[in-house]
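Biologist: Hi, I've just opened this one and don't know my way around yet. Can you walk me through a few spots?
Modeller: Sure, here it is.

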Amino acid sequence: EKMENAYTASSLDYLFVRPVGIGEEVVPVGEYYLQEPGNKNKEEMVGGNMAKMDVARFMVDEAVHPTLHKCSKTVGSKPGTPM
């Protein structure tokens with residue numbers, strides 16, 4: 001929490017990535033879904049059981065073509081996917 005506070009108080013551009021349900025044996029599907037912080041709507045909550053490669057894809061996409069700035073995002077699989 002102290003680190004996040006330091007970033008949010010600074011002039012730096014940042015993106016906190018919070019992956020959910022990363023599975024060791026999960027096959028990459030080439031897609032990812034984002035959930036807004038604090039969103040508790042079950043129909044919009046990202047699913048679990050996500051491949052590490054799909055999380056990496058999101059991070060590379062944002063590094064190469066940034067669209068999110070000074071925020072945090074939860075990334076996961078298709079909503080409704082069980083953990």
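Biologist: Leaving aside neighbours within four places in sequence, which residues is K78 in contact with?
Modeller: K78 is in contact with Y33 and G47, once those sequence neighbours are set aside. Keep in mind that this is a predicted model.

Biologist: Got it. Where along the chain is K78 found?
Modeller: K78 sits in the segment after β5, and that strand covers 71-76.

Biologist: And what's the relative accessible area of K78?
Modeller: It's 49%, so K78 counts as partly exposed. The cut-off for exposed is over 50%.

Biologist: What separates the C-alpha atoms of K78 and K42?
Modeller: Those C-alpha atoms are 12 Å apart, while along the chain the two lysines are separated by 36 residues.

Biologist: Okay, switching to the inside. Which residues make up the largest nonpolar core?
Modeller: That core has 6 residues: M50, V55, F58, L68, C71 and V75. Two elements, α2 (52-64) and β5, each give two or more residues to this core.

Biologist: V75 caught my eye. Leaving aside its neighbours within four places, what is V75 in contact with?
Modeller: Quite a list! Among the contacts of V75 are M50, V55 and F58, which are also members of that core. V75 also touches a run from V17 through R18 and P19 to V20, and further on Y32, Y33 and L34, plus V46. Y33 is a contact of K78 too.

Biologist: New topic: how many salt bridges does the count come to?
Modeller: The count is 2. In one of them, the side chains of E4 and R18 meet, with N to O at 2.4 Å.

Biologist: Which parts does that pair tie together?
Modeller: E4 is in helix α1 (residues 2-9) and R18 is in strand β1 (residues 15-19), so the bridge ties together parts 14 residues apart in sequence.

Biologist: Are those two buried or exposed, or in between?
Modeller: In between: E4 is partly exposed at 28% relative accessibility, and R18 is partly exposed at 30%.

Biologist: What does E24 form a salt bridge with?
Modeller: Its partner is K52, and the closest N and O atoms are 3.1 Å apart. E24 lies in the loop between β2 (22-23) and β3 (33-35) and K52 lies in helix α2, so this pair links parts 28 residues apart in sequence.

Biologist: How do E24 and K52 come out on accessibility, exposed or partly exposed?
Modeller: E24 is exposed, with a relative accessible area of 62%, whereas K52 counts as partly exposed at 47%.

Biologist: Great, thanks!

Terms used. Residues are numbered from 1 along each chain as its sequence is written. This is a predicted model: local features need pLDDT of at least 70, side-chain atom pairs count only at pLDDT 80 or more; totals for chains, interfaces and linings use all residues. Side-chain values use heavy atoms; hydrogens and water are left out. Helices (H or I, at least four residues) and strands (E, at least two) are DSSP runs, numbered from the N terminus. Buried means under 20% relative accessible area, exposed over 50%, partly exposed in between (1.4 Å probe, protein chains only). Contact means heavy atoms within 4.5 Å. A nonpolar core is a set of buried Ala, Val, Leu, Ile, Met, Phe, Trp, Tyr and Cys residues joined through side-chain atoms within 4.5 Å. A salt bridge is a side-chain nitrogen of Lys or Arg within 4 Å of a carboxyl oxygen of Asp or Glu.
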